[in-house]
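Trainee: Could you pick one part of this model and take me through it closely? Please give the cut-offs as you go.

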Amino acid sequence: MNARRCSRVGCGQEAAWTLTYVYADQMAVLGPLAHAADPHSYDLCERHADRTAPPQGWLLTRVGMRQLSA
Ligand SMILES: [Zn+2]
């Protein structure tokens, strides 16, 4: 088994989430780690998933992720 790593430069933590960009809908979907690698998706660790913000004008949808406390 090869562990999936966070795709952020210099991070190297184990990936826990997958961020996928849906260009047609200008939507970014953050969900549980995807099984298959996709050219439009990025694996992220817990910390970087929490910090992820969508590009200007895009929606970010979180799937199956705990709510962040304010
Ligand atoms: Zn990371």
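**Strand E1 and its surroundings**

Mentor: The chain exposes about 5000 Å², of which carbon and sulfur atoms supply 52%; such areas come from the Shrake-Rupley method with a 1.4 Å probe, and for residues only the protein chains shown count as cover. The model is predicted, so local features need pLDDT of at least 70 and side-chain atom pairs count only at pLDDT 80 or more, while totals for chains, interfaces and linings use all residues. Residues are numbered from 1 along each chain as its sequence is written, and side-chain values use heavy atoms, with hydrogens and water left out.

Some context comes before the strand itself. One helix and four strands are present, in the order β-β-β-α-β along the sequence. Helices (H or I, at least four residues) and strands (E, at least two) are DSSP runs, numbered from the N terminus. Of the 70 residues, 27% are buried; buried means under 20% relative accessible area, exposed over 50%, and partly exposed in between, with a 1.4 Å probe and protein chains only. Among contacts with a separation of 6 or more, 52% join residues 24 or more positions apart, contact meaning heavy atoms within 4.5 Å.

The part I would choose is E1, residues 17-22. The four strands make an open sheet with mixed pairing, ordered E3-E1-E2-E4. E3 and E4 (59-62) are the edge strands, each pairing on one side only. From one strand to the next, the twist averages 20 degrees; axes are lines fitted to C-alpha atoms, for helices over the stretch in contact, and angles run from 0 to 180 degrees between N-to-C directions. Two strands count as paired if DSSP finds at least two bridges between them. In general, strands of a sheet pair through backbone hydrogen bonds, either parallel or antiparallel.

On one side, E1 pairs with E3 (residues 41-44) in the antiparallel sense over four bridges. In that pairing Thr18 stands opposite Asp43 and Leu19 opposite Tyr42. E1 also pairs with E2 (27-32), again antiparallel, over six bridges, and there Val22 has Met27 as its bridge partner.

E1 and E2 form a hairpin with four residues between them. Gln26, in this loop, has a positive phi of about 50 degrees although it is not a glycine. Most residues other than glycine have a negative phi. Gln26 counts as partly exposed because its relative accessibility is 42%. Asp25 lies in the same loop between E1 and E2 and counts as exposed because its value is 52%. The C-alpha atoms of Asp25 and Leu59 are 8.7 Å apart, with a sequence separation of 34 residues.

E1 also contributes to the largest nonpolar core, an eleven-residue set of Cys6, Cys11, Trp17, Leu19, Tyr21, Ala28, Leu30, Leu44, Cys45, Ala49 and Trp58. Such a core is a set of buried Ala, Val, Leu, Ile, Met, Phe, Trp, Tyr and Cys residues joined through side-chain atoms within 4.5 Å. The elements giving two or more residues are E1 and E2, and E1 provides the largest share, three residues. Leu19 is a core member; apart from neighbours within four places in sequence, its contacts are Ala28, Val29, Leu30, His40, Ser41, Tyr42, Leu44, Thr52 and Leu60.
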